[in-house]
Amino acid sequence: MPEPFRAALVGLRAAVAAPGRPGLSLAEVPAPKRLAPYAVAVSAEIVGADDEQVASGRFVVLHDPDGQDGWRGDTRVVAFVSADVEAEMAADPALAQVGWSWLTDSLSDRGAEHTAAGGTVTRTVSCRFGQIEDADEASEVEVRASWTPLADDGGALDLGIHLLAWCDLLCATAGLPPPGVVQLRR
């Protein structure tokens, strides 16, 4: 593994060890092997008050010392987030723009410099039938995105900041308040 990428993983693994948000758990998991010579993956889930998963995701870092077309660099983050939402929220056509702004705002708020960002926001409403029939509809929002993290002026790449920004996105999709904001109870 090239030394610059190995050094960048130090911040990532520190963030995995201490994500700093209640209900959020992170774990390093096997990474895809065919997309780049080097890769690391982290999975996440947010569990609600009733111990039910309300959001989950995967954060994958790909590294190719030679770079790849479209990356605009040698390292690429590929991320996925899925969260349950209220039916009214899923029906709102503005949810796609809002979901994308959760990502861009999270990256900006954390100072996670990047380029070549792209992705999709999908809102779904599902009805279950047959043996999995449920009277309630299930509504979800999914954010799939990728971006190229940029090194600081000294040439160091801090992947931990990008992972924490992605955690902020995951928490936003789950309806949790931003870091430092306390949610008032009824």
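Here a trainee and a mentor talk through salt bridges in a predicted model.

Trainee: How many salt bridges are there?

Mentor: The count comes to five salt bridges.

Trainee: What makes R13 and E28 a salt bridge?

Mentor: The cut-off is 4 Å from a side-chain nitrogen of Lys or Arg to a carboxyl oxygen of Asp or Glu. For R13 and E28, N to O is 2.9 Å. That value is within 4 Å, so the pair is called a salt bridge. The pair links distant parts of the chain, 15 residues apart. R13 sits in helix α1, and E28 in strand β1.

Trainee: Why is R13 called partly exposed?

Mentor: Partly exposed lies between under 20% and over 50%. R13 has 40% relative accessibility, so R13 counts as partly exposed. E28 is also at 40%, and counts as partly exposed.

Trainee: How do you know that R21 and D168 form a salt bridge?

Mentor: Their closest N and O atoms are 3.9 Å apart. The limit is 4 Å, so the pair counts. R21 is in the loop between α1 and β1, D168 in helix α4. They are 147 residues apart.

Trainee: Why is R21 called buried?

Mentor: Buried means under 20%. R21 has a relative accessible area of 15%, so R21 is buried. D168 has 10%, so D168 is buried too.

Trainee: What about R144 and E142: buried or partly exposed?

Mentor: R144 is at 43%, between the two cut-offs, so R144 is partly exposed. E142 is at 17%, under 20%, so E142 is buried. Their closest N and O atoms are 3.7 Å apart, and they form a salt bridge.

Trainee: Which residues are joined into one network?

Mentor: R21, R110 and D168, through salt bridges that share partners.

How values were computed
Residues numbered from 1 in each chain as written. Predicted model: local features only at pLDDT ≥ 70, side-chain atom pairs only at ≥ 80, totals over all residues. Heavy atoms only, no water. Helix = DSSP H or I, 4+ residues; strand = E, 2+ residues; numbered from the N terminus. Buried < 20%, exposed > 50% of the residue type's maximum accessible area, 1.4 Å probe, protein only.
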